[in-house]
Amino acid sequence: MLNIQQKVTVVEGCRANNIPQSVLTSTQPLVLKDFAADWPLVIAGKQSPQAAADYIRGFYSAIPVNACFAEPSIDGRIFYNSNMDGFNFTGSKVDLNLVLDKLLEHLTDNNPPAMYVGSTEINQWFPGFSQQNPIALDGLNPLASIWIGIQTRIAAHYDFPNNIACAAVGRRRFTLFPPEQIKNLYVGPIGFAPGGQEISLVDFNNPDYQRYPKFKVAAAAAQVAELDAGDALFLPSMWWHHVEALDPFNVLVSHW
């Protein structure tokens with residue numbers, strides 16, 4: 001496990017319905033404390049995972065979602081297989097209700113299988129959700145997506161747009177690197193990555209500094225953000241981010 005000392009700056013008083021321009025133009029990541037605390041999904045999730053799942057089901061359009069399934073042996077790390085010629089999970093298009101049922105079934109397992117619904121566009125798959133769980137970005141026309149899963153680890157990668165990522169259910173840990181640290185992150189095969197975007201090959205739970213010696217430089221420049229349910233992270237364009245879901249049932253809502 002990395003021991004990152006530098007914490008992402010926390011901003012108090014920024015809410016989903018009132019986002020200061022200083023947040024939207026920041027070139028540094030920011031934790032927005034209690035940003036989405038009033039969202040019905042956040043409130044449901046604090047009641048129970050079952051309540052959160054039932055709330056999500058109420059908006060589901062019945063269009064199959066892209067889901068990943070993997071054996072418990074991967075320890076939640078979504079990554080390549082041992083030969084680096086494929087991935088350590090199986091992807092399929094399934095009914096979301098089946099995924100939610102499986103997530104709830106494994107809530108108390110000590111070593112559960114990895115299950116993960118990747119970026120799923122909200123307006124198409126969950127019509128009406130954004131109206132009940134709004135964010136004041138109307139003039140920017142954000143792409144809103146939802147991520148649902150068990151305790152998983154998503155390798156460090158970057159996105160081109162700015163992002164406000166809301167930890168709606170469960171806790172999340174983001175480990176963040178400035179764009180210039182790409183040279184120290186040991187980015188994997190170009191054009192061939194688990195989520196489509198190139199990733200760091202370093203296992204953040206057990207970094208191999210003999211194999212990846214320059215990663216020590218990246219780690220020294222890193223910042224960490226710990227998000228509780230209802231918190232959000234403003235993630236500037238091109239910042240590398242490693243994402244860990246810390247609870248047995250997690251929902252993240254991103255706004256690119």
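Leaving aside its neighbours within four places in sequence, Phe129 is in contact with Leu41, Tyr55, Phe59, Ile122 and Val253, contact being defined as heavy atoms within 4.5 Å. Phe129 belongs to helix 6 (residues 129–132), where helices (H or I, at least four residues) and strands (E, at least two) are DSSP runs numbered from the N terminus. With a relative accessibility of 2%, Phe129 counts as buried; buried denotes under 20% relative accessible area, exposed over 50%, and partly exposed the range in between (1.4 Å probe, protein chains only). The C-alpha atoms of Phe129 and Pro40 lie 9.6 Å apart in space, although 89 residues separate the two in sequence.

The model is a predicted one, in which local features need pLDDT of at least 70 and side-chain atom pairs count only at pLDDT 80 or more, whereas totals for chains, interfaces and linings use all residues. Residues are numbered from 1 along each chain as its sequence is written, and side-chain values use heavy atoms, with hydrogens and water left out.

The chain contains seven helices and 14 strands. Its radius of gyration is 18 Å, close to the 18 Å that the globule rule gives for 256 residues, so the chain is as compact as a globular protein of that length; the radius is taken over C-alpha atoms, and the rule is 2.2 Å times the number of residues to the power 0.38. Along its principal axes the C-alpha trace spans about 50 × 40 × 30 Å. Of the 256 residues, 54% are buried, and among contacts with a separation of 6 or more, 81% are made by residues 24 or more positions apart. The chain exposes about 11,600 Å², of which carbon and sulfur atoms supply 51%, as computed by the Shrake-Rupley method with a 1.4 Å probe. There are 16 positive and 23 negative side chains, and the centres of the two sets lie 6 Å apart; here Lys and Arg count as positive and Asp and Glu as negative, while His and the chain ends are not counted, and each charge is placed at NZ of Lys, CZ of Arg, CG of Asp or CD of Glu.

Five strands form an open sheet of mixed pairing in the order 4-8-13-10-11, two strands being paired if DSSP finds at least two bridges between them. Strand 4 (77–78) and strand 11 stand at the edges, each with a single partner strand, so one side of each is left without a neighbour in the sheet. At one edge, strand 4 runs parallel to strand 8 (residues 153–157) and is joined to it by two bridges, with Ile78 standing opposite Ile154 of strand 8. At the other edge, strand 10 (residues 172–177) pairs with strand 11 in the antiparallel sense over five bridges, and Arg172 stands opposite Leu227. Strand 11 (residues 223–227) is nevertheless mostly covered, with four of its five residues buried.

Strand 12 (residues 232–235) directs Ala232 and Phe234 one way and Leu233 and Leu235 the other, and all are buried. Strand 2 (residues 30–32) runs antiparallel to strand 12 and is joined to it by three bridges, the bridge partner of Leu32 being Ala232. Strand 9 (residues 163–169) is likewise antiparallel to strand 12, through four bridges, and Ile164 has Phe234 as its bridge partner.

In helix 3 (residues 49–57), the buried residues are Ala51, Ala52, Ala53, Tyr55 and Ile56. These residues pack against helix 2 (40–47), helix 4 (96–105), helix 6, strand 7 (144–149), strand 9 and strand 14 (250–255).

Tyr116, found in strand 6 (residues 114–121), is buried, with a relative accessible area of 10%. Beyond its neighbours within four places in sequence, Tyr116 is in contact with Asn66, Ala67, Cys68, Trp147, Ile148, Gly149, Thr152 and Ile154.

Most residues other than glycine have a negative phi. Asp75, which is not a glycine, has a positive phi of about 55°; Asp75 occupies the loop between strand 3 (65–70) and strand 4 and, at 48% relative accessibility, counts as partly exposed. Met84 also has a positive phi, near 60°, and lies in the loop between strand 4 and strand 5 (90–94), where a relative accessibility of 32% makes Met84 partly exposed.
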